[in-house]
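Subject: The structure for you to look through

Hello,

Here is the structure I promised to pass on. Have a look at it first, and then read on for my notes.

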Amino acid sequence: MPNNNETDLEQVNEGMDTDPLAILDSGATQNYLKVTSPVINLHKVNDGAAVRLPTGTKIKASHRAELPFFQKHLSQKAQECKIFPGLNQYALLSVGQLCDDGCNIIFRKEDPTVSKDNKILFIAKRNTSNGMYEVKLTA
């Protein structure tokens, strides 16, 4: 049964499909997800972090949560994410947050690999239309 915090986000998401894609981003200081991104352990925040979009628009996080994959391999800190209702185009998976947790990321032309303790956690895929590296947020 969802708690009140989950219900709040479900109301924001009403009628939307879940969007499991994120961009592997070396410029993101934390994991920033959209309201349609799949998450676990969702909690509403009253004074959420604020970020400025490339357009100059400032948006605030409405929730904090955790990534829904690789709980056995990533620390809770590495799984932490902020949910931004104003983030519409791409969710951002922070390269720095993963590396701070001991992950190694090898960027290649088409398929960067993220590993930890000699185990491949996931392989991103390059979107040839925009050049960005996409990661599926589901196992």
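To start with the naming, helices (H or I, at least four residues) and strands (E, at least two) are DSSP runs, numbered from the N terminus. With that in hand, Gly27 can be placed in the loop between S1 and S2. Residue numbers run from 1 along each chain as its sequence is written. Please keep in mind that this is a predicted model, in which local features need pLDDT of at least 70 and side-chain atom pairs count only at pLDDT 80 or more, while totals for chains, interfaces and linings use all residues; side-chain values use heavy atoms, with hydrogens and water left out.

The overall picture

The protein chain has 3 helices and 13 strands. Of its 139 residues, 39% count as buried; here buried means under 20% relative accessible area, exposed over 50%, and partly exposed in between (1.4 Å probe, protein chains only). The chain exposes about 8200 Å², with carbon and sulfur atoms supplying 47% of that area (Shrake-Rupley method, 1.4 Å probe; for residues, only the protein chains shown count as cover). Contacts, meaning heavy atoms within 4.5 Å, often reach along the chain: among those between residues at least 6 apart in sequence, 56% join residues at least 24 apart.

Back to Gly27: at 60% relative accessibility this glycine counts as exposed. Gly27 and Leu93 are 66 residues apart in sequence, and their C-alpha atoms are 9.6 Å apart in space.

Strands and sheets

Strands of a sheet pair through backbone hydrogen bonds, either parallel or antiparallel. Two strands are called paired if DSSP finds at least two bridges between them. In this model, 3 strands form an open antiparallel sheet in the order S9-S10-S11. Strand S9 (104-106) and S11 are at the edges with a single partner strand each, so one side of each has no neighbour in the sheet. On average, neighbouring strands of this sheet are turned by 25 degrees against each other, direction ignored (axes are lines fitted to C-alpha atoms, for helices over the stretch in contact, and angles run from 0 to 180 degrees between N-to-C directions). S9 pairs with strand S10 (residues 113-116) over 3 bridges in the antiparallel sense, and Asn104 stands opposite Ser115 in S10.

Arg64 in S6 is a handy landmark elsewhere. Strand S3 (residues 40-44) and S6 pair in the antiparallel sense over 3 bridges, with His43 opposite Arg64. S6 also pairs with strand S7 (residues 80-83), antiparallel and over 4 bridges; there the bridge partner of Arg64 is Lys82.

The interior

A nonpolar core here is a set of buried Ala, Val, Leu, Ile, Met, Phe, Trp, Tyr and Cys residues joined through side-chain atoms within 4.5 Å. The largest one has 25 residues, and those with the most contacts inside it include Leu24, Leu67, Leu93 and Phe122. Among the elements that each supply at least two residues of this core are strand S1 (21-25), strand S8 (91-94) and helix H3 (95-100). A second, separate core of 9 residues includes Val51, Ala61, Phe84 and Leu92.

Phe122 also belongs to an aromatic pair. Rings of Phe, Tyr and Trp (its six-membered ring) pair if their centres lie within 6.5 Å; planes under 30 degrees apart count as stacked, over 60 as edge-to-face and the rest as tilted. The whole structure holds 3 aromatic pairs. In one of them, the ring centres of Phe69 and Phe122 are 5.7 Å apart and the planes stand at 80 degrees, so the pair is edge-to-face. Phe69 is in the loop between strand S6 (63-66) and helix H2 (76-79), and Phe122 is in strand S11 (residues 119-123), 53 residues apart. Phe69 is buried at 3% relative accessible area, and Phe122 is buried at 10%.

Residues to look at

Is Lys34 buried or exposed? Lys34 counts as buried, because its relative accessibility is 6%. This lysine is in the loop between strand S2 (31-33) and S3, and its contacts beyond four places in sequence include Asp19, Phe84 and Tyr90.

Asn41 and Asn118 have positive phi values, near 50 degrees for Asn41 and near 65 degrees for Asn118. Asn41 lies in strand S3 and is partly exposed at 44%. Asn118 is in the loop between S10 and S11 and is exposed at 84%.

Best wishes
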